[in-house]
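Work through these exercises with the structure open beside you. Try each task before reading its solution.

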Amino acid sequence: MNRRLTRSRRTLSRRPSFGAPWLRLLIVAGLSVIVLLTTCRAPATTLHLASAPVAPAAGVSSPPVSLQALPTVTPGAGQGQAAESGIAGDALPLERPAQAPAAQPESTPRPIVGELGQAIDRYMNDLVSAKLFHGAVLVARNGEVVLSKGYGMADGDAGLANTATTRFRLASVTKQFTAMAVLILQMGGKLNVDDPACRYLDDCPAAWQPVTIRHLLNHTSGIVDYTDFMGFEPTEMNPATPQQLVARFRDQPLGFAPGALYDYCNSNYVLLGLVIERASGKPYADFLRDAIFTPLGMSGTGYDLSVGRIEAGAVGYTSFEQKSGFLDASTLYAAGGLYSTVEDMWRWSQVIGTERLVPAQLQQQMFTPAHMGYGFGWKIERPNGRLRYSHAGDMTGVANFAAIYPEQQIVVIVLSNMDYADAEGINGYITNLVFNSP
């Protein structure tokens, strides 16, 4: 089941019926403080952004969560206005050095740095103890990684624990890589984001003639989302070609005139994958490998071949102990078919704000918010007045949230192989710890 990016426009029909939100009572030794956790949601309900799960260790005082409530990361058309999240078309900060950090040897875990790293580690371990998280987390500030570590299990049946080099399915975090691939092709003169998309697509429907590549990138095309169709979930475990995916929605009328509104839509990025293949002359997976992953040393990142398990990768869980069903990544293609590690996502984050892959003028387009603050594969907003680039990725067995605060040079990456994990809330709580740490 693809839960889009927000889990907000679809019921979670595969979740077991618990009837009410989980309430987990933790007795904290030493302080005798009873902490009530309400992170996990009831089935078949809309998810609203709330405080992260809080399970502090005994004797540890953590700053209160004060991140302001934000609109959902990918609201549907007509939900709110860009001003609600303080969106601004700020110039892209370019303070960071252009070079990516050297690859960290897989056999050498990074040390946990300082009191901040220790506080985050305690918080994550308490979430695991409360059965609220499987996954990995990386946190960096001012170019220094303060914590990069796996938590919980990659595969409990096999006795494999998560590590900082465990490969996780990215789901919709994939979209930022697809968007960068488009800009790389524009840099090479192979396309322009204001070109008609039909120039690069076979048998393009008449209704799509006004749609540009830009409309696909920022979800303003008006094309309907095939992952919202009732037939998607029953077939998500079956492999599909990109052409078969397009056939599901090509004959549907547009929901609105291209450019008029915003509607988060996986169909847009499926079409972008085909645009990339036509413009580059390479398969989508090969082009991203050659143009992005290999140059950046992202050896743990690639396109999921969906053979049942990613090599050196995590299997999906629904709850802490229950494994999820299987989703074949080919059913998401360029909208959600990649996998990566927190270490590789750190390497990727170091490219943002530099000219390592594309010139600043092109990258600026990626981070220029359009309707609802969505750029090219990123959400751009200012929670608490701080510029943030972020994206969520949620699907069967997956819950991710990656955030970059370019002005403060803070990176927080949460990848989880447990779809009940509140990756966005956890990311926000950790971010609050970072901003409240000296």
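**Exercise 1.** List the buried residues of helix H6, then find on which side or sides of H6 they lie.

*Solution.* This is a predicted model.
Step 1. Go to residues 284-293, the span of helix H6. Buried means under 20% relative accessible area.
Step 2. Pick out the residues of H6 that pass: Tyr284, Phe287, Leu288, Ala291, Ile292 and Phe293.
Step 3. Look around the axis of H6. The buried residues take up an arc of only 155°, so they sit on the same side of H6.

**Exercise 2.** Name elements that cover the buried residues of H6.

*Solution.*
Step 1. Start with helices. The cover includes H2 (174-187), H5 (266-280) and H7 (342-349).
Step 2. Add strands. The cover also includes E8 (302-303) and E9 (338-340).

**Exercise 3.** Describe the protein as a whole: its elements, its buried share and its contacts.

*Solution.*
Step 1. Count the elements: nine helices and 13 strands.
Step 2. Take the 438 residues; 58% are buried.
Step 3. Turn to the surface. About 16300 Å² is accessible, and carbon and sulfur atoms account for 54% of that.
Step 4. Take contacts between residues at least 6 apart in sequence. Of these, 73% link residues at least 24 apart.

**Exercise 4.** Where does pLDDT stay under 50?

*Solution.*
Step 1. Begin with the overall figures. Mean pLDDT is 81, with 75% of residues at 70 or more.
Step 2. Find the weak stretches. Residues 1-50 stay under 50, and so do residues 56-105.
Step 3. Check their contacts beyond four places in sequence. The model has 136 for residues 1-50 and 113 for residues 56-105.

Methods
Residues numbered from 1 in each chain as written. Predicted model: local features only at pLDDT ≥ 70, side-chain atom pairs only at ≥ 80, totals over all residues. Heavy atoms only, no water. pLDDT = per-residue confidence, 0-100. Contact = heavy atoms within 4.5 Å. Buried < 20%, exposed > 50% of the residue type's maximum accessible area, 1.4 Å probe, protein only. Helix = DSSP H or I, 4+ residues; strand = E, 2+ residues; numbered from the N terminus. Arc of directions from axis to C-beta. Areas by Shrake-Rupley, 256 points an atom, 1.4 Å probe, with all protein chains shown as cover.
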